[in-house]
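Here are a few notes on the aromatic side chains, as promised. Have the structure open while you go through them.

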Amino acid sequence: MRFEHHAIDDSPPCGRLFICEPTDLTGDGYPDLIVGGMGAEDLPVLGDRNVPLLGRLFRRLEDDLFWYENPGAGRHGGDSEWTRHAISSATHLHALGGTLGDVNGNGRLDLIVGQGYGHSDIYWFEQPTNPRDRWKRHLVADDFSKYHDLAFGDVDNDGEPEIVGLSQESETVFYYDVPADPYQSPWPSEQLTVVSRGVDVEGLAIVDIDGDGDNELIAGTAIYRHAEATDRRDQQSGQPVETDGGESPGLAPEWTREHVVTGWDWTRVAVGDLDDDGELEIVFAEGDSPIYGEHMGRVGWFDPPDWEPHILGDDLYCPHTVQVADFDGNGSPDVYVAEMGLGENDESAQHIRFHNQGGGEFREEIVETAIPTHEAKAVDVDGDGRLDVVGKSFEPNVHVDVWYNRA
């Protein structure tokens with residue numbers, strides 16, 4: 001399989017890039033790309049010397065949220081074809097966690113952003129009728145600090161979506177019910193539900209992982225279930241779910257928690273039926289190892305009901321991208337993993353496709369080398385029916401990229 005790399009933007013207006021959300025904003029059937037971050041830490045001048053003061057002044061000139069308009073049919077394959085638009089002119093936004101969701105119920109996806117590194121605000125940015133106009137910012141809340149991951153979905157199975165998040169500095173898993181009037185600022189305190197405290201993790205997914213008709217929350221390497229959903233599952237199976245429930249300090253009594261694996265650090269998460277058995281498996285990748293932690297990054301998939309581990313790799317450098325997608329159309333989803341650079345691994349950073357041969361048998365294929373990325377996503381960019389990859393680097397050498405699937 002061949003992926004063809006093209007640069008969307010080799011000089012984006014932000015020095016540290018976190019958010020990467022493909023979605024069709026213009027309604028032409030082609031996914032655009034939302035990117036966001038928090039600006040450079042320092043500004044390098046005079047060779048390799050960093051000047052923090054100039055860096056702070058430069059950040060005031062940066063855009064922290066912007067999007068790239070897909071050039072559409074017949075125009076893919078060349079560089080510099082994507083048009084960049086600013087979402088917000090707010091400075092020092094410190095955009096870290098991000099997700100998409102129709103917050104106000106008008107049929108258009110809005111952008112939900114949580115701040116990072118000592119900041120406490122969560123905002124939703126209202127998509128205007130013309131997405132090329134500036135998006136209005138609304139404060140959700142400021143209860144916690146550093147939101148590495150956000151998601152939008154029905155986590156408590158009440159029929160309505162919630163804003164779900166992980167706060168690393170506050171070590172909290174939580175969600176906000178969307179109020180009847182989402183424009184009030186901030187949202188009322190009673191909209192907040194704390195699921196668990198004392199939890200410093202990465203990786204978030206809302207999914208019916210066990211096929212019982214109720215959504216679960218995967219946060220880090222644990223599965224959280226609302227008590228009512230757990231009771232229903234027990235009744236259907238006739239067997240109790242093994243959890244650490246209310247006996248765990250910091251876990252809300254109306255929630256239970258099941259550990260898939262322990263000892264894995266700051267994981268990214270994806271799900272899919274990898275072994276063709278009709279059940280969903282969970283894939284974890286240690287996205288910040290070895291920068292944080294004492295070993296190289298691992299990626300592996302875990303098979304229910306006992307979560308049997310299958311390790312695909314254990315020598316990766318910060319594999320902060322993990323996607324489960326069928327890139328060649330053989331009916332079995334592959335696992336796509338990519339490494340960060342961080343100025344230390346730029347020339348060695350790899351994109352790896354673990355090609356699913358069927359039945360959960362994988363063959364490793366190197367897709368790309370020396371173009372690091374972070375939080376890349378699998379999506380059909382050019383409308384040819386094949387899944388491509390869009391992504392952006394983190395820091396210090398920032399760029400936004402697309403890899404066209406030329407299989």
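The points below go through ring pairs first and then charges over rings.

1. Bear in mind that this is a predicted model. It holds 16 aromatic pairs, and I've picked out a couple to look at properly.

2. Start with Tyr 175 and Trp 255. Their ring centres are 6.1 Å apart and the planes meet at 65°, so this one is edge-to-face. The two residues are 80 apart in the chain, with Tyr 175 in strand 14 (residues 172–177) and Trp 255 in strand 19 (residues 255–259), so the pair links distant parts of the chain. Both Tyr 175 and Trp 255 are buried.

3. Next, Trp 266 and Tyr 292. With centres 6.2 Å apart and planes at 65°, this pair is edge-to-face. Here the contact runs from loop to loop: Trp 266 sits between strand 19 and strand 20 (267–272), while Tyr 292 sits between strand 21 (281–286) and strand 22 (297–303). They are 26 residues apart, and this pair too links distant parts of the chain.

4. Are those two loop rings buried or exposed? Neither, quite: Trp 266 is partly exposed at 28% relative accessible area, and Tyr 292 is partly exposed at 48%.

5. There's a cluster worth displaying as well: ring pairs join Phe 144, Tyr 147, Phe 174 and Tyr 176.

6. Finally, the charges over rings. Arg 137 lies over the face of Tyr 123, 4.6 Å from the ring centre. Over at Trp 264, the charged end of Arg 298 sits above the ring, at 4.5 Å from its centre.

Terms used: Residues are numbered from 1 along each chain as its sequence is written. This is a predicted model: local features need pLDDT of at least 70, side-chain atom pairs count only at pLDDT 80 or more; totals for chains, interfaces and linings use all residues. Side-chain values use heavy atoms; hydrogens and water are left out. Rings of Phe, Tyr and Trp (its six-membered ring) pair if their centres lie within 6.5 Å; planes under 30 degrees apart count as stacked, over 60 as edge-to-face and the rest as tilted. Helices (H or I, at least four residues) and strands (E, at least two) are DSSP runs, numbered from the N terminus. Buried means under 20% relative accessible area, exposed over 50%, partly exposed in between (1.4 Å probe, protein chains only). A charge sits over a ring if NZ of Lys or CZ of Arg is within 6 Å of the ring centre and within 35 degrees of the ring normal.
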